Amino acid sequence: VMFGLLALDWKQATALNTIISVILPWNYIEAYPIVLATQCCPAAASFMVMVVNELFLLICMSVSFWLFETTIRERIVAELEAGLVQNSQSAAKKLLSVTCDAVVQLSPHLTIVGDSSKLGHLLLSGGGAQLSGKDFTSLLVEVDQARFLDFVQVSSQHYL
C-alpha cells in the first residue's frame with residue numbers, strides 16, 4: 001500500500017502493487033518448498049488463500065486509487081473553471097465600466113444586486129444603495145419594458 005500511495009497515479013500504483021502481489025506468493029513458494037498440486041496438503045490451501053487475498057486486495061486498491069485520482073482531478077478542473085469564470089466576469093465588468101455610464105448587476109428575477117451608485121447618480125435619485133433590490137424594469141420607460149423583457153428571455157434561452 002505504501003508504494004501505491006507514494007506513486008499518486010493509479011496506473012503506477014497498480015503496477016507497483018501487482019509486482020508486490022506477485023513477489024509475495026513467490027517468496028512463499030521459495031520459503032516453503034512443497035508440492036502445491038495436491039489438495040490434501042494444508043500448505044497448498046493456505047497458499048491458494050494467500051493468492052486469492054492478494055488478488056482481491058490488488059483489485060480493491062486499484063479501484064480505490066482510481067477513484068481517488070478521479071475525484072481529485074474533477075475537483076481541480078471544477079476549481080479552475082470557477083476561476084476562469086470569475087476572471088471573465090471581472091474582465092467584462094471592467095470593460096463595461098470603461099465604455100458605459102453605469103453598470104448594474106441583475107439577479108435572475110431582474111432586481112438590482114449590489115452597488116449601483118453610478119446608476120443612482122445617472123437617474124438623479126441619489127445613492128445607489130436605495131436601488132439595491134429594486135425591480136430593474138420599473139426604472140425603464142413603459143414602452144421599453146416589454147422589449148427589454150423579450151430581449152432578456154431570448155438571450156437567456158440562447159445561453160441555456
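A salt bridge here is a side-chain nitrogen of Lys or Arg within 4 Å of a carboxyl oxygen of Asp or Glu. Keep that cut-off in mind for R147 and D144, whose side chains meet in a salt bridge at 3.9 Å, N to O. One caveat before going on: this is a predicted model.

**Overall layout**

The protein chain has 5 helices and 2 strands. Reading from the N terminus, the elements go α-α-α-β-β-α-α. Of the 160 residues in the protein chain, 17% are buried. About 12,200 Å² of the protein chain is exposed, and carbon and sulfur atoms supply 68% of that area. As for contacts with a separation of 6 or more, 35% of them involve residues 24 or more positions apart.

**Charged pairs**

Back to the charges: the structure holds 3 salt bridges. Here they are, with the N to O distances.

| Basic residue | Acidic residue | N to O distance |
|---|---|---|
| R73 | E69 | 2.9 Å |
| R75 | E79 | 3.3 Å |
| R147 | D144 | 3.9 Å |

Start with R73 and E69, which sit 4 residues apart in helix α3 and are therefore separated by about one helical turn. Are the two partners buried or exposed? R73 is exposed, with a relative accessible area of 52%, whereas E69 counts as buried at 14%.

E79 and R75 also both lie in helix α3, 4 residues apart, about one turn of the helix. R75 is exposed, with a relative accessible area of 58%.

R147 and D144 belong to helix α5, and being 3 residues apart there, they are separated by about one helical turn. R147 is exposed at 60% relative accessible area, while D144 counts as partly exposed at 30%.

**The nonpolar core and its aromatic pair**

Now for the greasy side of things. Which residues make up the largest nonpolar core? It has 6 residues: L110, I112, L119, L131, F136 and F148. In soluble globular proteins, nonpolar side chains tend to be buried together.

Two of those core members, F136 and F148, also pair up through their rings. The structure holds 1 aromatic pair, and F136 and F148 form it, in a tilted arrangement with 5.4 Å centre to centre and 55° between the planes. What does the pair tie together? F136 lies in the loop between α4 (117-122) and α5 (142-159), and F148 lies in helix α5, so the pair links parts that are 12 residues apart in sequence. F136 counts as buried at 16% relative accessibility, and F148 counts as buried too, at 18%. Since buried means under 20% relative accessible area, the values for F136 and F148 both satisfy that cut-off.

**L110, an odd backbone angle in the core**

L110 deserves a closer look. It is found in the loop between β1 (105-106) and β2 (112-113). Its phi is near 65°, a positive value in a residue other than glycine. Most residues other than glycine have a negative phi, and most peptide bonds are trans. Is L110 buried or exposed? L110 is buried, with a relative accessible area of 15%.

What does L110 touch, leaving aside its neighbours within four places in sequence? Its contacts are K134, D135, F136, T137, F148, L149 and V152. Both members of the aromatic pair, F136 and F148, are on that contact list, and L110 is listed with F136 and F148 in the nonpolar core as well.

**Cysteines and a long-range neighbour**

How many disulfides does the structure hold? The count is 0. On the cysteine side, C60 is partly exposed, with a relative accessible area of 31%, and C100 counts as partly exposed at 33%.

Finally, there is V63, which lies in helix α3 (residues 42-99). V63 is partly exposed, with a relative accessible area of 42%. V63 and T14 are 49 residues apart in sequence, and their C-alpha atoms are 9.0 Å apart in space.

Terms used:
Residues are numbered from 1 along each chain as its sequence is written. This is a predicted model: local features need pLDDT of at least 70, side-chain atom pairs count only at pLDDT 80 or more; totals for chains, interfaces and linings use all residues. Side-chain values use heavy atoms; hydrogens and water are left out. Rings of Phe, Tyr and Trp (its six-membered ring) pair if their centres lie within 6.5 Å; planes under 30 degrees apart count as stacked, over 60 as edge-to-face and the rest as tilted. Buried means under 20% relative accessible area, exposed over 50%, partly exposed in between (1.4 Å probe, protein chains only). A disulfide is a pair of cysteine sulfur atoms within 2.5 Å. A nonpolar core is a set of buried Ala, Val, Leu, Ile, Met, Phe, Trp, Tyr and Cys residues joined through side-chain atoms within 4.5 Å. Contact means heavy atoms within 4.5 Å. Accessible areas come from the Shrake-Rupley method with a 1.4 Å probe; for residues, only the protein chains shown count as cover.
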